[in-house]
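Visitor: Please take a close look at one part of this model: the charged side chains and how they pair. I would like one connected account, with the accessibility of the partners included.

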Amino acid sequence: MSSIVELKEKLREINQEQILKYWDQLGDEQQQLFLKQIQSIDIKNINNLFQKAWQSFSETTELLDERIQPVPDEQFGSEVTADPAELELYRNIGLKEISQGTVAVLLLAGGQGTRLGVPYPKGMYSVNLPSGKSLFQIQAERIQCLMRLANTKYQTDGKITWYLMTSGPTHATTEDFLKQNQYFGLNSDNVKLFKQGLLPCFDFNGKILLDEKHSVSLAPDGNGGIYKALEVNGILEDMKQRGIKYVHIHSVDNILVKVADPVFIGYCIHKEAECGAKVVSKQEPTEAVGVVCKVDNHFGVVEYSEITEQTANLRDSSNNLMFRAGNICNHFFTVSFLETIIKEHEPSLKLHVAKKKIPHIDNDGNKIKPTNPNGIKVEKFVFDVFEFTNKFVTWEVPRTSEFSALKNADSAGKDCPSTARRDLLQLHKTYIENAGGNVADNADVEISSLLSYAGENLEDKVKGKTFHTQSIILSDKEQ
């Protein structure tokens with residue numbers, strides 16, 4: 001077949017002919033599937049991809065102390081220091097836009113539960129709350145609660161569209177889970193799933209690895225793959241057709257996330273920002289979390305390993321860490337900015353490299369499961385578009401009410417199911433006490449995410465009451 005002859009020649013020109021080493025051993029069906037997979041890869045630019053990725057990997061060893069500055073004060077807002085009138089202004093701006101249907105949520109849901117020790121997508125995980133709700137359910141119900149708040153305030157019928165970016169390994173399972181649970185009360189027309197892209201895995205010499213004799217080893221292209229995926233899957237066009245102007249993008253694994261937070265959205269709109277990052281103050285200078293700052297006069301995220309401990313310890317006149325804006329993968333974008341990124345900047349996004357143990361077919365045709373890193377996976381990060389705008393802001397929020405990550409199994413003792421459960425129940429206890437109720441020691445009391453978005457509408461349910469046992473405070477709809 002001429003197509004395979006041409007493909008072999010193309011691969012030979014770029015020194016990737018090993019991809020087809022076992023071609024003649026494959027059956028017709030395997031050959032057709034393999035050919036289709038290879039054609040989905042940008043073969044022409046594959047070596048450029050590796051070189052760019054490897055260069056990026058080499059550059060990460062350079063310390064950035066002399067090249068970084070904190071986010072300027074005029075672009076750094078804080079819920080911690082804002083007065084009530086300011087917060088109310090932002091909240092009303094956000095609620096107004098939500099009531100008009102111009103706000104969408106985009107959930108980064110490509111992560112598998114491997115580190116949690118489960119064989120299903122992370123969003124399906126339950127941290128054993130009294131209700132047993134999964135991360136997906138909690139977030140879907142927060143969207144419903146927020147729509148009700150906005151539409152009641154402005155007497156409208158605005159919708160929040162929920163986009164979920166999955167990956168190859170999580171897509172079908174996530175789709176089935178949401179369908180089986182009737183999208184947790186959301187209208188299915190306003191829930192749209194799409195897959196992030198895949199990139200080849202390389203050995204350290206730049207050769208593409210084979211996963212099987214009839215397939216290339218591919219890995220998800222990171223949360224920064226969102227920009228290409230928005231275009232390829234028609235999601236950007238869908239947003240424009242729906243009249244969506246603003247998008248809240250966040251990762252699935254933060255159990256405290258305020259989905260489509262009207263205060264954050266209102267702040268960004270008020271500041272006329274194209275792009276915004278919600279941040280938490282670093283707990284200590286050496287905390288291993290990326291910091292939002294300026295690098296070479298462009299906004300970006302710098303990892304702790306990229307600066308010295310001396311720079312990490314620098315403090316401002318108020319004795320706050322100068323570089324304290326911890327990145328929590330919680331972002332605001334205008335749709336027009338996303339369109340600009342896709343049209344003008346996506347091909348030039350920075351590539352990040354991770355050395356990994358990648359199962360592969362060796363030169364003798366055997367499947368090898370290495371015990372040490374043998375190759376690289378290439379990723380893009382969602383925050384690497386910050387550099388393309390000066391219309392950028394950060395919004396600092398308390399960690400106790402907005403950030404508790406779910407990444408590890410309980411054996412790690414940190415960012416795990418037990419800490420996520422503890423942090424959510426502690427927040428709910430605070431909400432109850434602020435509304436005039438009381439929670440006895442050792443009593444786990446959960447507030448339904450359909451009842452209250454951020455502690456409002458609780459007085460009728462809790463004022464003057466003491467909760468002594470494990471309880472769930474339900475909305476009227478659930479009773």
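Guide: Lys133 is buried, with 6% relative accessible area. The model is a predicted one, and in it Lys133 forms a salt bridge with Glu141, with 2.5 Å between the closest N and O atoms. Glu141 has a relative accessibility of 5% and therefore also counts as buried, the cut-off being under 20%. Both values fall under that limit, so this salt bridge joins two buried side chains.

The pair of Asp316 and Arg324 is another salt bridge, and here the closest N and O atoms are 3.9 Å apart. That separation still counts because the criterion is within 4 Å. Asp316 is partly exposed, at 29% relative accessible area, whereas Arg324, at 15%, is classed as buried.

Asp444 and Arg421 form a salt bridge as well, with 3.2 Å between the closest N and O atoms. Asp444 sits in the loop between strand S21 (438-439) and strand S22 (445-447), while Arg421 belongs to helix H13 (residues 417-434), so the salt bridge ties together parts that lie 23 residues apart in sequence. In accessibility, Asp444 is partly exposed, with a relative accessible area of 24%. Arg421 is buried, at 19%, a value that falls under the 20% limit.

Salt bridges also link Glu237, Lys240, Glu339 and Lys343 into a network. Over the whole structure, the search finds 24 salt bridges. As background, side chains of opposite charge can pair when their charged atoms come close.

Charged residues also appear in the lining of the second largest pocket, where there are 7 of them, along with 12 nonpolar and 9 polar residues. This pocket holds about 810 Å³ of space. Its lining consists of 28 residues, and those closest to the centre are Asp42, Leu198, Leu199, Lys228 and Lys380. Two or more lining residues come from each of helix H3 (46-59), strand S6 (198-200) and helix H7 (226-232). The largest contribution to the lining is that of H3, which gives 4 residues.

Terms used. Residues are numbered from 1 along each chain as its sequence is written. This is a predicted model: local features need pLDDT of at least 70, side-chain atom pairs count only at pLDDT 80 or more; totals for chains, interfaces and linings use all residues. Side-chain values use heavy atoms; hydrogens and water are left out. A salt bridge is a side-chain nitrogen of Lys or Arg within 4 Å of a carboxyl oxygen of Asp or Glu. Buried means under 20% relative accessible area, exposed over 50%, partly exposed in between (1.4 Å probe, protein chains only). On a 1 Å grid over the protein atoms alone, a cavity is a set of points where a 1.4 Å probe fits but cannot get out, and a pocket is an open set with protein on both sides within 12 Å along at least five of seven lines; lining residues have an atom within 4 Å of a point. Grid points are joined across faces, edges and corners, and a volume is the space filled by probe spheres set on the points. Ala, Val, Leu, Ile, Met, Phe, Trp, Tyr, Cys and Pro count as nonpolar, Asp, Glu, Lys and Arg as charged, and the others, Gly among them, as polar.
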